[in-house]
Amino acid sequence: MNPHPLRQPRPQPRRRFTAVVLGSAAMALLAGTLPRSSRGTTQSALHATPRDFEGPYRPPRDTAWGGVNLMAEDGLTSPGSPLVFAGRVIDTRGRPQAGLQIQVWQANSTGRYDFHPGETPGHGAPDQAFRGHGQARTDSGGWFAFRTIRPAGYRRTLLGFLPWTFVPHIHVAVRAADRDLLVTQADLDRVATGRIAPESGTQQALMQSDAMQQLIAATGKAVVEAAGTAAGAQLIRFDVVLAARA
């Protein structure tokens, strides 16, 4: 399968924090980062993807997690824009990390976390066609791929009284032996415009990976073949770099 170029999203107004009282220190702590692989201070090490807070809407422990398809399986049509969210997990030495569990969760196209019991009616409109969470294991090359929709940016009240605007993002947890190795976020606008480090692998390798074949099996060939084209789903490439383990 030939790779398709990424289709860049339109620039959108971005506003992270509307309360001045916390100042720039809180911005640095809580604002979304750009978790992608990049070279460190030496030629032999990459910067590890920074951790980011998981937020209050991580699926509860007793959740029956979905697979690589975050859409509901009852044939309903979602109003959200289709998205293929895929990437590779490597360590700071550039080695692919196979067999790790990837969990993703996100808001729907109106900014609502449908699956979470803590949601309120005022947090966007429900989407019965959207499950909102999924999990998979990285393949032998460290690749993963999910079918989803583009989440909306939304407003919430932080710490019970501070207005906060969240840009479109997807939460990502990398796990091994039933514990988190890393919990971070993919800020979709920043990730889509970021450079793909050579150590993370080519777009062609991604499109030909076992992870993409698994996505085809779960969602149909057309979903993957059209990804990144004007007529198909947007393709967001999100790579994760873990601290090297022995």
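**Entry 1: what counts as buried**

A residue is called buried when its relative accessible area is under 20%. I keep that cut-off at hand, and I also note that this is a predicted model. I looked up Tyr113 to begin with: its relative accessibility is 0%, so Tyr113 counts as buried.

**Entry 2: a ring and its partner**

Which ring pairs with Tyr113? I found Phe115, and the pair they form is edge-to-face. The centres of the two rings are 5.9 Å apart, and there are 85 degrees between the planes. Planes over 60 degrees apart count as edge-to-face, so the name fits. Then I checked whether Phe115 is covered too. Its relative accessibility is 19%, which is under 20%, so Phe115 counts as buried.

**Entry 3: a second pair**

Next I turned to Trp164 and Phe166. Their ring centres lie 6.0 Å apart. Why is this pair called tilted? The planes meet at 45 degrees, which is neither under 30 nor over 60, so the pair is tilted. I looked up both residues for burial as well. Trp164 has a relative accessible area of 3% and is buried, and Phe166, at 11% relative accessibility, counts as buried.

**Entry 4: stepping back to the rings**

How many aromatic pairs does the structure hold? I noted 9 of them. I also wanted to know where my four rings belong. Tyr113, Phe115, Trp164 and Phe166 sit in one aromatic cluster, together with Tyr57 and Tyr154.

**Entry 5: the sheet**

Today I followed the strands of an open sheet. It has 4 strands in the order β3-β2-β7-β8, and the pairing is antiparallel. Which strands are at the edges? I found β3 (133–137) and β8 (179–187), each of which pairs on one side only. On average, neighbouring strands of this sheet are turned by 20 degrees against each other, direction ignored.

I then zoomed in on β2 and β7. Strand β2 covers residues 101–105 and strand β7 covers residues 169–176. The two run antiparallel and are joined by 5 bridges. For one spot to find on the screen, I picked Val104, which stands opposite Val172 in β7.

**Entry 6: a loop residue**

My last stop was Thr49. Where does Thr49 lie? I found it in the loop between α1 (23–30) and β1 (82–91). Is Thr49 buried or exposed? Its relative accessibility is 5%, so Thr49 counts as buried. I also looked up Asp239, which is 190 residues from Thr49 along the chain. The C-alpha atoms of Thr49 and Asp239 are separated by 8.7 Å.

Technical notes. Residues are numbered from 1 along each chain as its sequence is written. This is a predicted model: local features need pLDDT of at least 70, side-chain atom pairs count only at pLDDT 80 or more; totals for chains, interfaces and linings use all residues. Side-chain values use heavy atoms; hydrogens and water are left out. Buried means under 20% relative accessible area, exposed over 50%, partly exposed in between (1.4 Å probe, protein chains only). Two strands pair if DSSP finds at least two bridges between them. Axes are lines fitted to C-alpha atoms, for helices over the stretch in contact, and angles run from 0 to 180 degrees between N-to-C directions. Rings of Phe, Tyr and Trp (its six-membered ring) pair if their centres lie within 6.5 Å; planes under 30 degrees apart count as stacked, over 60 as edge-to-face and the rest as tilted.
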